[in-house]
Amino acid sequence: MSPELALQIGEGAAQQVKRPEPDAGGIVPLWRQVPSQHRTDQNYYGLALIKEPVWIWSVPAYFYVGGVAGGSAMLAAALHGKKRLRRLAAWCRLLAFAGTTVGPALLTYDLGKMSRFLNMLRVLRPSSPMSVGSWSLAGTGMMATLSLLQGDRSGVVTRYGTALGGLLVAGYTGVLLGNTANPLWRERRLLLPMLFMSSAAASTAGVLQMMPLDKREEKVVQRFGMVGKAGEAACMVAMQRSDAAVPEVGAAAREGKGGVLWTAAKAALVSGILVELLPVRSPLKRKVSGALTTIGAICLRFALLEAGKTAAREPQTTINLQRSRMRR
Amino acid sequence: MTTPATGFFTDTSVCIGCKACEVACKQWNQLPADGDFFSGRSYDNTIHLEATTWRHVAFIERQQRLSGQSTSRPFSWLLMSDVCKHCERAGCLEACPTGAIVRTEFDTVYVQPDVCNGCGYCVVCCPFGVINRREDDGRAWKCTLCYDRQKEGIEPACAKTCPTDSITFGKLDDLKEIALARLQELHRRGVTEAWLYGMGGRDQPGTEGLHAFFLLLDRPEAYNLPPDPYVPTKGVAGAWGVMALAAAGMAAAALAAAHGRGGDRK
Ligand code: SF4
Ligand code: SF4
């Protein structure tokens, strides 16, 4: 069908057509991955039952940036009024501001229809974590800007507002992923918010550790980061254990790009903690630990997206999970 | 005056796999072609519902007889015209942050193309894998249950064209009666495997019932349908609760880090 030859006025006519006859590979890439062997499980030729997430790299990148922004917003509020930790508080305020500015840009980059980004704030829909998140991101962005401008003199409203918004921004992404039909994310929906929250604390500390800090500041950052890293590690262990319940879910988490990234995240996190625990005191140690934590946190978010894609591709993951739930 | 809820009842036992519904839908809604593509799987080259394919006929070849049927070899075809289910509680609708997805006066689920900003959240929240984002267009698209035709009082293009009336369009209450009568008739004739998928909230609590429901002759997964779909939003309160706890934890960690020994006391 050539859109140039016909006048289109129907329901779908507003769609733009880039290639009237796209090559088949672009439209249905999935069947190529279907093995032609006989399957014992009942499904429809092994074809995907649900859709894969369409999100590109900028979304997990945003998950990371948002986490740092949220963690720093909280820390900045906690540091308020501490004279000797002024510089650290200023760093935190700057990070919170930068994160809430870069974050929406990354999100917008993923939208197929960039011009319509403002529609995000057209309604507030409590049933949609994406909507709640957009509002809290916008609100925290404003608050973070205010507190950056006001600096030490920021008032109670700005301080607590930024902290509260920061907590939401750091954690809502976990709720967002869990609140989907994707079997892997759905199965982990109670762990994901904890994972994102603790990883946000770890990532914040990771970034701060890479900055020049004095002894006092270092201590604060280290303490905040350790709680985050321990929480992150605990959540990752809990996730791997819960995966064992339905073998297909575990396989989706382990296989392919997602599995590699997950392993990388684990390795980076653990070595970050180990370096941190080395009984030497040096800025280099601190920076290495911070860098490892950062790498781990970034890998973790990409691993979650990739594993979600793998889980969506295999129909048996969805089917077996639902069947086992029905039996329960 | 309220308009009664409308929907589809798709009786797969009479579907002959002619694909007229697919073509009629493409024609009426002026959806672009998906290109030349050979799947190598049964006769199904459409594969799946897509952003540009709002009706899809599934072809299932089975080395198995339908009860009440006699064939020289154990063999039967199952055919099914799939479509957006227009769920009573729709995952896509509850997830959409822009309010682009609305419930129409016919109780169907409709995506407003001028509001959708392509965030892609509905894509992961549809338990049936129906709605998708178009790469070249950037917005999410799916069956509208021919909203434009219904406004004029005419039935959707697929139902209109279906030569065997496998796709029946009408008021939901009427459809349920038709479906139950058909089910009884089939059972009377010995086709005992026939059953109704998603007709009401009792059969499918996860979605509280579908406005496009099906008479099937096998388990749902044979047709690429989920056995127990649920609207993701159902369990979201628990996740928010856990998040609140985690948030309290992070706040405590931040305060402890800032006020603890070695830090600065006011
Ligand atoms: S089947 Fe999917 S796209 Fe259709 S109404 Fe239900 S959730 Fe939405
Ligand atoms: S892609 Fe469009 S229709 Fe789907 S959730 Fe986002 S804004 Fe709503």
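## Close-up views of chain B and its contact with chain A

**Figure 1. Asp11(B) stands opposite Leu215(B) in strand β10(B).** The model shown here and in the other views is predicted. Asp11(B) closes the stretch of strand β1 of chain B, which covers residues 6–11. Strands β1 and β10 of chain B pair in the parallel sense, over four bridges.

**Figure 2. Strand β9 of chain B also pairs with β10(B).** Here the sense is antiparallel, and the pairing runs over three bridges. Strand β9 spans residues 195–197 of chain B. One of its residues, Leu196(B), has Leu215(B) in β10(B) as its bridge partner. Leu215(B) is thus a point to look for in two views: Asp11(B) stands opposite Leu215(B), and Leu196(B) is bridged to Leu215(B).

**Figure 3. Strand β10 of chain B, residues 212–216, is largely enclosed by the rest of the structure.** Which residues cover the two faces of β10(B)? On one side are Ala212(B), Phe214(B) and Leu216(B), and on the other are Phe213(B) and Leu215(B). Each of these residues is buried. Because buried means under 20% relative accessible area, a strand with five of its five residues buried is counted as largely enclosed.

**Figure 4. Chain B as a whole has seven helices and ten strands.** Of its 266 residues, 65% count as buried. The C-alpha atoms fill a box of roughly 90 × 45 × 40 Å along the principal axes. Among contacts in chain B with a separation of 6 or more, 60% come from residues 24 or more positions apart.

**Figure 5. The contact between the chains takes 105 residues from chain B and 94 residues from chain A.** The area buried between them is about 8400 Å². Carbon and sulfur atoms give 58% of that area.

**Figure 6. Arg133(B) and Asp110(A) meet in a salt bridge through their side chains.** The distance from N to O is 3.6 Å. Across the interface of chain B and chain A there are three salt bridges. There are also 34 residue pairs in polar contact across this interface, with both residues at pLDDT 80 or more. Several elements of chain B supply at least two residues each to the side that touches chain A, including α1 (20–29), β2 (55–62) and β6 (132–133). Helix α7(B) gives the most, with 17 residues. The residues on this side of chain B divide into 58 nonpolar, 26 polar and 21 charged.

Key
Residues numbered from 1 in each chain as written. Chains lettered and ligands numbered in written order. Predicted model: local features only at pLDDT ≥ 70, side-chain atom pairs only at ≥ 80, totals over all residues. Heavy atoms only, no water. Buried < 20%, exposed > 50% of the residue type's maximum accessible area, 1.4 Å probe, protein only. Pairing = 2+ DSSP bridges. Contact = heavy atoms within 4.5 Å. Buried area = accessible area lost by both parts, 1.4 Å probe. Salt bridge = Lys/Arg side-chain N within 4 Å of Asp/Glu carboxyl O. Polar contact = N/O pair within 3.5 Å; in protein donor to acceptor, adjacent residues only side chain to side chain. Nonpolar A, V, L, I, M, F, W, Y, C, P; charged D, E, K, R; others polar.
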